[in-house]
Amino acid sequence: QIGHTKAAAGSAGVIKAALSLHHKVLPPTLKIKKPQDVLLAADSPFYVNTELRPWIPRADHPRRAGASAVGFSGSNFHCVLEEYQEEKTVVDWNGEVQIAAFSATDRAGLAAALRDFPVDADWLQLRFAAAESREKFDANQPMRLLLVIEKDKTNPAAQQKTALTMLESKADQKTWNTPDGSYFSAVDASGNLAMLFPGQGAQYIGMLKDLALQFPAALSELQMADRNFSAATDNQHGRLSDKIYPRPTFTADAAAANERELRETENAQPALGAVSLATKAVLADFGVTADAYAGHSYGELTALCAAGVLSPQDLHRLSRLRGELMAAGEGY
């Protein structure tokens with residue numbers, strides 16, 4: 001947010017609106033603790049967005065954004081921008097999470113590679129080093145180690161020290177991980193891969209929001225789920241995306257109401273199916289596919305869809321119907 005720009009009043013707003021349309025995100029408004037009561041009314045079409053959220057469009061019109069310029073000398077201009085294309089086309093990498101990858105034929109070689117990683121370098125150098133490590137990484141090597149490094153959150157030097165200690169102290173274990181983001185495996189990587197999808201109870205407000213914000217594949221899956229949910233309910237129960245990523249709240253009661261709505265069986269199951277397929281789509285973009293699919297409870301339906309038995313459209317319709325029947329106590 002930029003203020004006091006005088007003759008340039010509105011320019012920053014136009015840039016912000018254009019970028020929002022391009023990246024398909026709803027940007028946050030800063031420094032708002034509690035807006036005016038008129039903006040908190042349940043039936044108001046207006047609200048203050050205080051957190052970054054995926055912008056999933058409605059089926060009946062494209063994304064649009066308005067910008068106003070109210071500046072010095074009486075300037076008063078307004079414009080409305082419309083997106084050029086509906087689909088998000090590029091992944092939004094911000095570089096604030098890096099993966100350093102190491103592989104070797106034995107633990108001594110893995111430890112040596114880990115010691116050579118410049119954990120005390122500045123962030124730009126660390127990013128280059130992490131990229132170089134990923135290029136050298138060989139998933140077929142017997143020993144493999146990954147470090148997940150978050151800018152301003154992870155202490156790379158401490159992370160390196162912990163990983164080296166674990167390599168020595170857990171020499172008899174084939175796999176382990178640490179709370180600070182180290183992942184080791186000496187398990188044979190040539191086996192088949194299975195994916196397990198979660199059942200009801202795993203849902204939470206804002207689940208997998210980062211994927212929806214950054215990856216086109218995730219956003220497309222959520223958009224499809226949104227429209228199928230609306231079609232299955234004749235638009236009588238709102239949008240599924242508004243239950244997963246609701247408008248920001250400013251009271252404990254409002255936050256609790258959002259949680260309760262998402263927990264309702266007829267909403268929770270479609271929501272879990274939507275984010276599960278979104279995750280699968282992102283993994284597929286990275287070349288990760290499974291040889292078998294399974295699910296816990298409701299997740300069995302998602303597994304059937306992932307395996308090609310059900311279409312995504314059928315999954316979304318069945319998820320809503322199954323949830324409604326269970327909520328009504330009629331079984332499934």
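## Salt bridges and helix α6

By the distance rule used here, the count comes to 14 salt bridges. A salt bridge is a side-chain nitrogen of Lys or Arg within 4 Å of a carboxyl oxygen of Asp or Glu. Side chains of opposite charge can pair when their charged atoms come close.

This is a predicted model, in which local features need pLDDT of at least 70, side-chain atom pairs count only at pLDDT 80 or more, and totals for chains, interfaces and linings use all residues. Residues are numbered from 1 along each chain as its sequence is written, and side-chain values use heavy atoms, with hydrogens and water left out.

**The chain as a whole**

The chain has 11 helices and 10 strands. Helices (H or I, at least four residues) and strands (E, at least two) are DSSP runs, numbered from the N terminus. Along its principal axes, the C-alpha trace spans about 70 × 60 × 40 Å. Buried residues make up 38% of the 332 residues in the chain. Buried means under 20% relative accessible area, exposed over 50%, and partly exposed in between (1.4 Å probe, protein chains only). Contact means heavy atoms within 4.5 Å. Among contacts between residues at least 6 apart in sequence, 70% join residues at least 24 apart.

**Charged pairs**

Three of the salt bridges are listed here.

| Salt bridge | Closest N to O distance |
|---|---|
| Asp37 and Lys34 | 2.9 Å |
| Lys153 and Glu150 | 4.0 Å |
| Asp226 and Arg239 | 3.5 Å |

The Asp226 and Arg239 pair links distant parts of the chain, 13 residues apart. Asp226 sits in helix α6 (residues 216-232) and Arg239 in the loop between α6 and α7 (240-244). Both Asp226 and Arg239 are buried.

The other two pairs have different surroundings. Asp37 has 54% relative accessibility, so it counts as exposed. Its partner Lys34, at 49%, counts as partly exposed. Lys153 counts as exposed because its relative accessibility is 67%. Glu150 is at 31% and therefore counts as partly exposed.

Salt bridges also join up: Lys24, Arg63 and Glu83 are linked in a network.

**Helix α6 and its neighbours**

Gln223 lies in helix α6. Its relative accessible area is 6%, so Gln223 is buried. Leaving out residues up to four places away in sequence, Gln223 touches Ile56, Pro57, Arg63, Glu86 and Glu87. Arg63 is also a member of the salt-bridge network.

Asn228 is found in α6 too. With a relative accessible area of 13%, Asn228 is buried. Beyond its neighbours within four places in sequence, Asn228 is in contact with Gln313 and His316. Thr249 is 21 residues from Asn228 along the chain, and their C-alpha atoms are separated by 26 Å.

Gln313 and His316 are part of the contact between α6 and helix α11. The axes of α6 and α11 (residues 312-327) come within 9 Å and cross at roughly 50°. Axes are lines fitted to C-alpha atoms, for helices over the stretch in contact, with angles from 0 to 180 degrees between N-to-C directions. The two helices are therefore oblique to each other. Angles under 35 degrees count as roughly parallel, over 145 as roughly antiparallel, 65 to 115 as roughly perpendicular and the rest as oblique.

On the α6 side, the contact involves Met224, Ala225, Asn228, Phe229 and Ala232. On the α11 side, it involves Pro312, Gln313, His316 and Arg320. By class, this contact has five nonpolar, three polar and one charged residues. Ala, Val, Leu, Ile, Met, Phe, Trp, Tyr, Cys and Pro count as nonpolar, Asp, Glu, Lys and Arg as charged, and the others, Gly among them, as polar.
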